[in-house]
Amino acid sequence: MSALTRLIGTRRHRGRWHWTDVAAYAYLALGVVLMFGPVVWLVLSSFKTQAGLLEFPPSLLPSSQREVVVQGFPQPLPLFTVTLEDGSTKVLAQARRIGIVAQMVDPQDPAKQYRVPIEKRVPVREFKLATANYTDPLQKFAFTRFLYNSLFVTVIATLITLLINSMAAYSLSIYEFRGKNAAMLLVIGTLMIPITIILVPVYLVVTEFGLVNSLWAVILPGAATPTGVFLLRQYMLTLPRDLIEAARMDKASEWQIYWRIVMPLAMPALAVLAIFSVMWRWNEFLWPLAVLTKTEVQTLQIGLNAFQGELQTQWHYLLAMTVVTLAPVALVFVFLQRFITTGIANTGMK
Amino acid sequence: MPPVATSSASFRDAIVRGLAAPFAALLRAIDWPMRGLQRLIGERHMAYVFLLPNLVFFGVFVFVPLIINVVFSVTGGAALFPSERPYVGAGQYGYLFDCGSYLDPGSCREDHFWRGVANTARFTVFQVIAMVLFSLVTAVVLNMRIRGRGFFRAVYFFPVLLSPVVVALIWKWVLQRDGVLNAGLTALGGQKILFFVDPGWAMFWAVFVSIWAHMGFYTLILLAGLQAIPADLYEAAEMDATPRWRVFWRITLPLLWPNLIVVIVLALIRGVQTFDEVFVLTGGGPGTATLMVVQYIYETAFSNQVQNFGLAAAASVVLGIVLFALTLAQLIASRRRSA
């Protein structure tokens, strides 16, 4: 309670409530509902059974009808609370239903049978997580394949991105050489060229290399990123030159200076680029969609999209797979939130 | 909460170190050939060696494609390799621009392209206006003296990291016929609305979802701008008992203007390229009500029965010119800011 009063008790002017303070908190509260609500709803729904998802209006929490195994019946039977003719209520299992009459048995005493009009019974519900939504796709679909493909693309592409962009940034920040300005211009130029406008020719290039339907077709085209070069170069420009000169005196090779001195010092900038790259690659959609047409090479995003486009969308699996796709990003966010937000605020990029 | 902060920092360090370990091994292995190369060409020329991999990637995957794109757009046929494609001059562009009236997509030979143009324009205009409005309000609110600011900032920001497919599926699930929103509507005594069957609603939700997903990013840019405004300006205004709305118009807005320009132009550039969220959410439908230019390009080149690379390339050259103009506008705006 004291936390709540403290939370609300902060105002611009001490002592006096201004209507804008109220409006601000109302706006933020609405924001929490609007931003978190749909995601919470997705996660809750992903634990419902297929039958549970078809209910309208939907229940808030995943719940389903309780079932019991009754002696003499091969299948588990659904439980109902039944109002009997004498007005008493009893929990019975339904053996079968004929029209508007249900044939029911007492789970404690299977020999005792009842005939009950169906409007006299109410299903017994229990809170139950349909974890099968998560475990089934692992066996039934190419889901593990998608997961592996996405992981492979994300990790390898990020490593290549870090390597070649830090090399270029090192070159453009430490050295003076002929053609440096031209190279800088070239990099600036590519900043304006998104994949959306060179989709067809990049497809041709990838085809020439024989990479269609290969994960490398997704990894390679985006590896050199002007964003990355800029971010790293800006940072490397701030590093002290004396350090590099001293290393040269000590007969360190240029490559050694790059990876033993400049790379460790540029770690904060490298980390920002690494996080960006992981986000880009894990979430990438248009290009993989164009170049990966076979199921066995598709990434999670493409697989999810194909799955939701099918005629009979199996929402119970789709929702669970969406949660799995979302989970790593959510984890990264929880641990690195401040880091990411300052990274974006400083660079104005994402 | 200092203990939490340290544990998350050490966790982060562990991640960074874990990621760097194989990387470091690779870099160490490259040293030996690099040393030989340096002895051969000299210390100063190593700059080119460091630059080379990046330039090769840029060249192969950006510059060469940029040129081939133009080649594609002036050749016809269904072949992928340019040498097998007959030259058609401006034929593709002529086909693309063959319209009775540019204001009526139905009168065009390639009506899907023009519907895409019209939808993208509509989408972008609504989206940019709403985006600026909401991210400005959110940034201003977050900049007030508020308890739990970090939490609220995170609330608005987290969708930025979600993939477009995930974002679209989250909302598709909320908006579907028997979804939670329709449950709410019926509980309030209303009727179910088939949001993806009605063209107007489909466009509304396309804009809404895209704002939901990206607002945090723009809010962050504006918040950085707000925090850069010197506090003594506000203190002076408070001493003069200036009304709040006046403070906002006279101090906040003018000083925030450069950041607002960045937000507007970035939102414009991104809006014109809209594809993934809308594609997964509505599939461009109902009919062609939310078909965007990029979806047209993708489908013309890759998913239609007949793959028409020439037409797709011509359309992407047109899109490229629009993007170039917008980027130029951004450069001019930011030049004026620094001047």
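In the predicted model, chain B is divided into domain 1, which covers residues 1-43, and domain 2, which covers residues 105-338. The C-alpha centres of domain 1 of chain B and domain 2 of chain B lie 38 Å apart. Chain A, by contrast, is divided into domain 1 (2-45), domain 2 (63-127) and domain 3 (134-347), and in this chain the C-alpha centres of domain 2 and domain 3 lie 57 Å apart.

Within chain B, the packing of helix H4 (residues 111-143) against helix H8 (residues 199-227) was examined, the axes of the two helices coming within 7 Å and crossing at roughly 45°. Because angles from 65 to 115 degrees count as roughly perpendicular and those under 35 degrees as roughly parallel, this crossing makes H4(B) oblique to H8(B). The crossing of H4(B) and H8(B) is right-handed, and the residues of the contact between these helices comprise 18 nonpolar, seven polar and one charged.

The two chains meet at an interface in which 89 residues of chain B are in contact with 84 residues of chain A. On the side of chain B that touches chain A, the most is given by helix H2 (residues 46-73) of chain B, with 19 residues. Sorted by class, this side of chain B has 67 nonpolar residues, together with eleven polar and eleven charged residues.

One helix pair that spans the two chains consists of helix H6 (residues 180-191) of chain A and H2(B), whose axes come within 11 Å and cross at roughly 45°. It follows from this angle that H6(A) is oblique to H2(B), and the crossing of H6(A) and H2(B) is left-handed. In this contact Ala183(A), Leu186(A) and Thr190(A), which belong to H6(A), meet Leu51(B), Leu55(B), Phe58(B) and Val62(B), which belong to H2(B). The residues of the contact of H6(A) with H2(B) divide into six nonpolar and one polar, with no charged residue.

Attention then turns to the strands of chain A. Strand S2 (residues 67-68) of chain A pairs with strand S3 (residues 77-83) of chain A in the antiparallel sense over two bridges, and Val68(A) has Leu77(A) in S3(A) as its bridge partner. S3(A) is also joined to strand S4 (residues 89-98) of chain A, the two strands running antiparallel and being linked by five bridges. In this pairing Val82(A) has Lys90(A) in S4(A) as its bridge partner. The strands S3(A) and S4(A) form a hairpin with five residues between them, and in the turn Gly87(A) has a positive phi of about 95°. A further pairing of S3(A) is with strand S7 (residues 121-123) of chain A, to which three bridges join it in an antiparallel arrangement. Here Val82(A) stands opposite Arg121(A) in S7(A), so that Val82(A) takes part in pairing with S4(A) as well as with S7(A), given that strands pair where at least two bridges are found between them.

From S4(A) the pairing continues to strand S5(A), with which S4(A) is associated in the antiparallel sense over five bridges, and in S5(A) the bridge partner of Ala93(A) is Val105(A). The hairpin of S4(A) and S5(A) has two residues between the strands, and Gly99(A) in this hairpin takes a positive phi near 60°. S5(A), which covers residues 101-106, is in turn joined by six bridges to strand S6 (residues 109-117) of chain A, again with the strands running antiparallel. Two of the facing positions in this pairing can be named: Gln103(A) stands opposite Arg115(A) in S6(A), and Met104(A) stands opposite Tyr114(A) in S6(A). The connection from S5(A) to S6(A) is likewise a hairpin, formed through two residues.

Note on methods: Residues numbered from 1 in each chain as written. Chains lettered and ligands numbered in written order. Predicted model: local features only at pLDDT ≥ 70, side-chain atom pairs only at ≥ 80, totals over all residues. Domains from an automatic or database assignment. Contact = placed C-beta atoms within 7 Å. Helix = DSSP H or I, 4+ residues; strand = E, 2+ residues; numbered from the N terminus. Nonpolar A, V, L, I, M, F, W, Y, C, P; charged D, E, K, R; others polar. Axes fitted to C-alpha atoms, helices over the stretch in contact; angles between N-to-C directions. Parallel < 35°, antiparallel > 145°, perpendicular 65-115°, else oblique. Left-handed = near helix turned anticlockwise from the far one by under 90°.
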